[in-house]
Structures are given as C-alpha cells and as structure tokens.
Amino acid sequence: MQGWFAIRREMKLLMAAFLFLNLCYIVGWSVMFYSQVYTWTFIEWPFFGCTTLVSSIVLIGAFVFGIICWTGFGKG
C-alpha cells in the first residue's frame, strides 16, 4: 500500500522508505538461510519451500519495479 501510494503521488521520501523496508526484508530472509533449522525446513517441507520461494520472487520483483518507477518520477 505504501509503495502504491508513493508511486501514484510521486513522493520521493515515502518511496525511499518503501525501498528501504523492502531491502530490509530481502536481507532478513537471506540471513535466515544461514540457520540450519530454517534450511532443513525449507528442504523437507515442499509447501513451505514453494510459498517461501514465491513470496521472495514477488518481494524482489516489487523492489525492482519500485526502482524502475522511482527513476521515472518527474517525467510525466
């Protein structure tokens, strides 16, 4: 919701906050794979692995598209 609001109104500060939070989530999920228990759960439970994979793809996609939209601010 924050990213959509920031993009529609071209609010650079709110968009920067959205991208920062998005990056924090990506780093947090990446660090969780350092844990042996999380890695074991990811490998042994297929549904958990699929949902984690899909949600991380969506999160990375939102980050990439957020950067693309941010570069278009002020161009109409």
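Axes are lines fitted to C-alpha atoms, for helices over the stretch in contact, and angles run from 0 to 180 degrees between N-to-C directions. Helices (H or I, at least four residues) and strands (E, at least two) are DSSP runs, numbered from the N terminus.

This is a predicted model, in which local features need pLDDT of at least 70 and side-chain atom pairs count only at pLDDT 80 or more, while totals for chains, interfaces and linings use all residues. Residues are numbered from 1 along each chain as its sequence is written, and side-chain values use heavy atoms, with hydrogens and water left out.

**Exercise 1. Confidence**

Task: State the mean pLDDT of the protein, and find which element has the lowest mean pLDDT and which the highest.

Solution. Begin with the term: pLDDT is the predictor's confidence in each residue, from 0 to 100. Next, take the whole protein, whose mean pLDDT is 91, with 100% of its residues at 70 or more. Finally, turn to the elements: helix H1 (residues 2-9) has the lowest mean, 83, and helix H4 (residues 46-71) has the highest, 94.

**Exercise 2. The packing of H1 and H2**

Task: Describe how the axes of H1 and H2 cross, and determine which residues of the two helices meet.

Solution. Two packed helices are described by the angle between their axes and the distance between the axes. For H1 and H2, the axes come within 8 Å and cross at roughly 145 degrees. The handedness follows a convention: a crossing is left-handed if the near helix is turned anticlockwise from the far one by less than a right angle, and right-handed if clockwise. By this convention H1 passes H2 in a left-handed crossing. The last step is contact, meaning heavy atoms within 4.5 Å. On the H1 side stand Gln2, Gly3, Phe5, Ala6 and Ile7, and they meet Leu14, Met15, Ala17, Phe18 and Leu21 of H2.

**Exercise 3. The loop between H1 and H2**

Task: Characterise Glu10 by its phi and its location, and decide whether it is buried, partly exposed or exposed.

Solution. Most residues other than glycine have a negative phi, and most peptide bonds are trans. Glu10 is not a glycine, yet its phi is positive, about 50 degrees. Glu10 belongs to the loop between H1 and H2. For accessibility, buried means under 20% relative accessible area, exposed over 50%, and partly exposed in between (1.4 Å probe, protein chains only). Glu10 has a relative accessibility of 38%, so it counts as partly exposed.

**Exercise 4. The nonpolar core**

Task: List the residues of the largest nonpolar core and find which helix gives the most to it.

Solution. A nonpolar core is a set of buried Ala, Val, Leu, Ile, Met, Phe, Trp, Tyr and Cys residues joined through side-chain atoms within 4.5 Å. The largest one has 7 residues: Ala6, Met15, Leu19, Ile26, Leu59, Phe63 and Phe73. Helix H2 (12-32) and H4 each supply at least two of them, and H2 gives the most, with 3 residues. Ala6 can then be examined by itself: apart from neighbours within four places in sequence, Ala6 is in contact with Met11, Leu14, Met15 and Phe73.

**Exercise 5. The aromatic rings**

Task: Establish how many aromatic pairs the structure holds, and describe the pairs formed by Tyr38 with Phe33 and with Phe48.

Solution. Rings of Phe, Tyr and Trp (its six-membered ring) pair if their centres lie within 6.5 Å; planes under 30 degrees apart count as stacked, over 60 as edge-to-face and the rest as tilted. A search of the whole structure gives 3 aromatic pairs. Phe33 and Tyr38 make an edge-to-face pair, 5.1 Å centre to centre with 80 degrees between the planes. Tyr38, at 14% relative accessibility, is buried, whereas Phe33, at 36%, is partly exposed. Tyr38 and Phe48 also pair edge-to-face, with 5.6 Å centre to centre and 80 degrees between the planes. Tyr38 lies in helix H3 (residues 36-44) and Phe48 in helix H4, so this pair ties together parts that are 10 residues apart in sequence. Phe48 is partly exposed, at 26% relative accessibility. Ring pairs link Phe33, Tyr38, Phe42 and Phe48 into a cluster.
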